[in-house]
Amino acid sequence: MARVTYLERRGATYYARLDVPLDLAGHYGTTTRKKSLRTKDENEAKKRLWPVVEGWRGDFNEIRLRREITADDNGLAVWQARHELE
């Protein structure tokens, strides 16, 4: 399994990076969220990273709770449930 990292360095500055879940990409109009952590120090970036990532995850959950369920959502839920049983 590949190691997942949410920390990205561009130039000397560190950024938080998280892939937007496929079911919400249309809402955001992008497949990736990025935010500058406003530091060039890796240890400081690691401290600032997790509150940003957890905030985004909370946003994703809130958006899912507010929107209407579509036929595609139902199909995805059935597919996920079947593959969890395997």
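Reader: Which residue does E8 stand opposite in β2?

Author: E8 faces Y15 there. Please keep in mind that this is a predicted model, where local features need pLDDT of at least 70, side-chain atom pairs count only at pLDDT 80 or more, and totals for chains, interfaces and linings use all residues. Residues are numbered from 1 along each chain as its sequence is written, and side-chain values use heavy atoms, leaving out hydrogens and water.

Reader: What makes β1 and β2 a pair of strands?

Author: A strand is a DSSP run of E with at least two residues, a helix is a run of H or I with at least four, and both are numbered from the N terminus. Two strands pair if DSSP finds at least two bridges between them. Four bridges join β1 to β2 (residues 13-19), so these antiparallel strands count as paired. L7 has its own opposite residue in β2, namely A16.

Reader: What links β1 to β2 in the chain?

Author: They form a hairpin with two residues between them, and G11 in the turn has a positive phi of about 65°. A12 also belongs to the loop between these strands.

Reader: Why is E8 called buried, and A12 partly exposed?

Author: Buried means under 20% relative accessible area, exposed over 50%, and partly exposed in between, using a 1.4 Å probe and protein chains only. E8, in strand β1, has 18%, so it counts as buried. A12 has 34%, so it counts as partly exposed.

Reader: How do you know that E8 and R10 make a polar contact?

Author: The term requires a pair of N or O atoms within 3.5 Å; within protein, one must be able to donate a hydrogen and the other to accept it, and residues adjacent in sequence count only if both atoms are side-chain atoms. The side chains of E8 and R10 are joined at 3.4 Å, so the pair qualifies.

Reader: Which residues does A12 touch?

Author: Contact means heavy atoms within 4.5 Å. Not counting residues up to four places away in sequence, A12 touches T39 and K40. With the same exclusion, E8 touches T13, Y14, Y15, R17 and K34.

Reader: What makes β1 and β3 edge strands?

Author: The open sheet has the order β1-β2-β3, with antiparallel pairing. β1 (7-10) and β3 (32-36) each have a single partner strand, so one side of each is left without a neighbour in the sheet. Neighbouring strands are turned by 35° against each other on average, direction ignored. Axes are lines fitted to C-alpha atoms, for helices over the stretch in contact, with angles from 0 to 180 degrees between N-to-C directions. Helix α2 (residues 42-66) lies across β1, β2 and β3, at about 25° to β2.
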